[in-house]
Amino acid sequence: MNIPILRDGPYLHAIGWLRGKDCAARVATTPEWSGLPNPIDFAGDGGYRLRDGLQEDEPQDGPQDKAPDDARYEIPAAVMRGSGVTRARSAAKATVYSALLGRKLLDTAAARPGYHGDRAGVAIASGSSITPIAWKFETAGLRHGWDRTDTLLLPSSIPSAITTQVSAALDTHAAAIAFQDGLLGTCAALEYAHLSFLHRRSDCFLVMGADEVSRVQCDALAALDDRRPWLDGASGMVLGRGPNTDEDWQLTLCANVSADRPPALPADWSLAASLDIEVPGNATLFTAPLLAYALHALLRGATHRAILNCRLPGRGVHILGFSQHKH
């Protein structure tokens, strides 16, 4: 099987991330990528780790047996108010992370002529935003009585809530869609953005992946002896229909294939730079923010063509190819 080439793929204009530890968004347009420190190290064998000094509760090769204290990951009230999320205290932390980062990312697009929120879309993938909210509601009801619960937590536990709340905070109206499935969900969000441009439904698209650390989910990973890094925060990118500079990268290949039957790449892609991500285990928890980190690591050192392979056991490989059209 040959991977088809996308003739009208979207262009990557800006990239950025926010860590829950400080809630500070770091964003750069394509020409500025070299000055944006990437907090993730990607190994040649598909592994990845947080850089030295960036882990909070876990050692560099994975989390400790002890689950984190959720109180250490609480967002300050002033930061929540500044996110623009309505009733942010009842929203998932991943929602607040996404709104804070999304505003900074969209600032890079809004500064250009022709931007309008009616033509801007948002797609967010998260594998961890629902469980902590539901757990908090159920625990409060069982321990203190259901009349003592925060009923506004329930709407925030709906899978699509993260995107609709962020879209409202950012005043975007072209599309608002949420994805589960961690890293693969973020890849699907990127593909959705391409379809939105293809059908002329938007001119600008914000794609993000967000995860939040919570004790119940870390306990689940520990029970599976899964020692992946705990990614607490959000990362994302701004996509456009056309390039802003000749350094912008265009999505040119996009396919989900079987790992047992790898497809044939186009002949002129044989020398493309490449990077593999191997998700450790079947769970996709804490992997949604990986895509933007990986693209930054891959593309800032590549020229002309680059391929990202996202692998998940039993789920195949999601292949993303990008090309650069420098004059």
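This passage looks at a helix pair, its surroundings and the nonpolar cores of a predicted model.

A good place to start is the pairing of two helices. Two packed helices are described by the angle between their axes and by the distance between those axes. Here, helix H2 (residues 93–110) packs against helix H5 (residues 161–170) at an angle of about 40°, and their axes are 9 Å apart. H2 and H5 are therefore oblique to each other, and the crossing of H2 past H5 is right-handed. On the H2 side, the contact is made by Ala94, Thr95, Ser98, Ala99, Gly102, Arg103 and Leu106. These residues meet Ile162, Gln165, Val166, Ala169 and Leu170 of H5. Sorted by class, the contact of H2 with H5 contains 7 nonpolar, 4 polar and 1 charged residues.

H5 itself deserves a further look, as H2 is one of several elements around it. The helix is mostly covered, with 8 of its 10 residues buried. Ala161, Ile162, Thr163, Gln165, Val166, Ser167, Ala169 and Leu170 are the buried residues of H5. Besides H2, they pack against strand E5 (120–125), helix H4 (153–156), strand E6 (175–179) and strand E7 (204–211). Just after H5 comes Asp171, whose phi is positive, at about 60°.

Attention now turns to the nonpolar cores. The largest nonpolar core has 48 residues, and within it Met237 and Leu308 touch the most other members. The biggest contribution to this core comes from helix H8 (residues 290–299), which gives 8 residues. What does Met237 touch, not counting residues up to four places away in sequence? Its contacts are Leu12, Ala14, Ile15, Leu105, Leu190, Phe205, Leu206, Val207, Leu291, Ala292 and Leu295. Apart from the largest core lies another, of 30 residues, and its members include Cys23, Ile75, Val96 and Leu105.

A final stop is Ser196, found in helix H6 (residues 182–198). Is Ser196 buried or exposed? Its relative accessibility is 4%, so Ser196 counts as buried, given that the cut-off for buried is under 20%. With neighbours within four places in sequence left aside, Ser196 is in contact with Arg201, Ser202 and Phe205. Phe205 also appears among the residues that Met237 touches.

Conventions:
Residues are numbered from 1 along each chain as its sequence is written. This is a predicted model: local features need pLDDT of at least 70, side-chain atom pairs count only at pLDDT 80 or more; totals for chains, interfaces and linings use all residues. Side-chain values use heavy atoms; hydrogens and water are left out. Axes are lines fitted to C-alpha atoms, for helices over the stretch in contact, and angles run from 0 to 180 degrees between N-to-C directions. Helices (H or I, at least four residues) and strands (E, at least two) are DSSP runs, numbered from the N terminus. Angles under 35 degrees count as roughly parallel, over 145 as roughly antiparallel, 65 to 115 as roughly perpendicular and the rest as oblique. A crossing is left-handed if the near helix is turned anticlockwise from the far one by less than a right angle, and right-handed if clockwise. Contact means heavy atoms within 4.5 Å. Ala, Val, Leu, Ile, Met, Phe, Trp, Tyr, Cys and Pro count as nonpolar, Asp, Glu, Lys and Arg as charged, and the others, Gly among them, as polar. A nonpolar core is a set of buried Ala, Val, Leu, Ile, Met, Phe, Trp, Tyr and Cys residues joined through side-chain atoms within 4.5 Å. Buried means under 20% relative accessible area, exposed over 50%, partly exposed in between (1.4 Å probe, protein chains only).
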